[in-house]
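This report concerns a protein–DNA assembly. Please examine the sequence and the structure shown here before reading on.

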Number of protein chains: 2
Amino acid sequence: MTISERDTMGGLAKGLLVIETFTADRPRQSIAEVSAASGLDRATARRCLLTLAHHGYADWDGKFFTLTPRVLRLGTACLATMPLPQIVQPLLDDLSDRIGQSSSVSILDGAEIVYVARAAQRKVMSIALMPGSRLPAFCTSMGRVLLAALPEAEVREMLAAHPPVARTSFTRTEPEAILAELAQVRAQGFALIDQEVELGLQSVAVPLLNMHGRAVAALNVGLAAGPTPLETTAEGLLPALRAVAAETRAVLR
Amino acid sequence: MTISERDTMGGLAKGLLVIETFTADRPRQSIAEVSAASGLDRATARRCLLTLAHHGYADWDGKFFTLTPRVLRLGTACLATMPLPQIVQPLLDDLSDRIGQSSSVSILDGAEIVYVARAAQRKVMSIALMPGSRLPAFCTSMGRVLLAALPEAEVREMLAAHPPVARTSFTRTEPEAILAELAQVRAQGFALIDQEVELGLQSVAVPLLNMHGRAVAALNVGLAAGPTPLETTAEGLLPALRAVAAETRAVLR
DNA sequence: TCGCTCCGTGCGATATGTCAACAAATGCAG
DNA sequence: CTGCATTTGTTGACATATCGCACGGAGCGA
């Protein structure tokens, strides 16, 4: 059950590391840049890049490497293995249609939430969210719901390892304040976020439990901040959210 | 420029192959299953899987392996390196808003188109499309536009390598018919699809050219099939599509 | 020309793939 | 339930691939 150091392939891990060095800031990299970004030897980085290029995962103009859409296939191979998106997408579409707001489903990956399905309605967020998009867990409604399902010690560790960074003046960043919020979320069964991710954006999230009662994902709806208190608006939305959660429960494992 | 067999890492290629063996049909696989699906030796497949698990790309319950959302990060690393999605997303949002239909941008990857940005409006398609989703190029409006930009010999080869499969009774599958369509698309500068992907779904696409005049992507809008002839509806939509294409041209490389 | 950085390559040490053997698990027939 | 056949996971040994280091050469700016 435990993975011994002996039966693991360094080359594979290094190659994946190389892929991850490509970011929006560095879409085109030379061998030396990848080497610096990954900490690998230049010769090794070169072999990784050439391998990626040879198999169509990267393009090479003799100097710079770029990732190709072929790499996307890896990610979607993963999304495709999740039953969740397929199950919830129609429910999200329907939900968004009825309440007139964007709704999303995400799961937790470390200290981040990953969107796995989304029905966009009107645009309130400045950035486009899509399946695969990531946001920090600590300041999002879905993140709060998912963190609340974890042992407190684990969350404390996570916050220490990834110190919260404020995104707006509303963002709570002190670990103790966040843990207190989580306790409340745990008690009330939903999370409210008021402009902690982005100014003007509020949201409500509930956990999606599987058949064993474990929170495997979260469902939220976004709102444009208005004069109505968030609590009041949330009251109105929660039944619809809970209805979706109830519908999915039986089919999630 | 040419990649010699000597400077490639077998392990990396094999690991990526292993990741790609996970599909919607086979989300949970044992070592032997992966070995069979990838053609690798059981011992090798085991090492790949253990490596993936060790680095958080896979989960292991002692018997079956599953991919984790960590793998998604590879795909999004790739999406993030593309300037295209960020550039076109706001334009798509605006376009969809004005014409009241879903619009998307995709690029060509082999014989498939890959969605890189999308503004969903109402739901006409049975399956949810999202960035990263793939459809065959030969029967989609965006695919036709992108194939039309390729040398005919290349398309002919591609059609031979990936024989078209009919998705509806409207789908053209004979290579010659498709090539004829492509010639027309090339001549008129846009593509129309009438229920070749899915019954009840029509669409119009135009190429997005970069500053050098090369078609690097395609833009489309979907329509619910109705009594109005597709040509007529398309007439009305094309100016808006072309306006977006013109706006993006200067910034695409 | 010099100094610098970067790319490609040769080499010894090490990691790793392949193959075969083995043990445990599984399935099946009676 | 038993015995047998088959599949599966794991391990060991050996040949080979690959890593990381070091070096040489090319490009480039001063």
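The text below treats the fold, the nonpolar core, the chain interface and the DNA surfaces in turn.

The model is predicted: local features need pLDDT of at least 70, side-chain atom pairs count only at pLDDT 80 or more, and totals for chains, interfaces and linings use all residues. Residues are numbered from 1 along each chain as its sequence is written, while chains are lettered from A and ligands numbered from 1 in the order in which they are written.

**Chain A.** The secondary structure of chain A consists of nine helices and eight strands, where helices (H or I, at least four residues) and strands (E, at least two) are DSSP runs numbered from the N terminus. The C-alpha trace of chain A spans about 60 × 40 × 35 Å along its principal axes. Of the 253 residues in chain A, 45% are buried; a buried residue has 20 or more other C-beta atoms within 10 Å of its own, with C-beta atoms placed from the backbone. Among contacts in chain A with a separation of 6 or more, 56% join residues 24 or more positions apart; a contact requires C-beta atoms, placed from the backbone, within 7 Å.

**Nonpolar core.** A nonpolar core is a set of buried Ala, Val, Leu, Ile, Met, Phe, Trp, Tyr and Cys residues joined through C-beta atoms within 7 Å. The largest one has 150 residues, of which Leu49, Val105 and Val145 of chains A and B touch the most other members. Leaving aside residues up to four places away in sequence, Leu49(A) touches Val18(A), Ile31(A), Val34(A), Ala58(A) and Phe65(A).

**Chain interface.** In the pairing of the two chains, 52 residues of chain B contact 52 residues of chain A. Helix 4 of chain B gives the largest share of the chain B side, twelve residues. That side comprises 29 nonpolar, 14 polar and nine charged residues.

**DNA surfaces.** A residue is near a strand if its C-beta atom, placed from the backbone, lies within 6 Å of it. In the classes used here, Ala, Val, Leu, Ile, Met, Phe, Trp, Tyr, Cys and Pro are nonpolar, Asp, Glu, Lys and Arg are charged, and the others, Gly among them, are polar.

| DNA strand | Residues around it | Closest residues | Classes |
|---|---|---|---|
| C | 17 residues | Gly10(A), Ser30(A), Ala32(A), Ala43(B), Thr44(B) | six nonpolar, six polar, five charged |
| D | 18 residues | Thr44(A), Gly10(B), Ser30(B), Ile31(B), Ala32(B) | six nonpolar, seven polar, five charged |

For strand D, at least two residues each come from helix 1 (10–20) and helix 3 (42–54) of chain A, and from helix 1 (10–20), helix 2 (31–38) and helix 3 (42–54) of chain B.

Key. A residue is buried if 20 or more other C-beta atoms lie within 10 Å of its own, exposed if 12 or fewer, and partly exposed in between; C-beta atoms are placed from the backbone.
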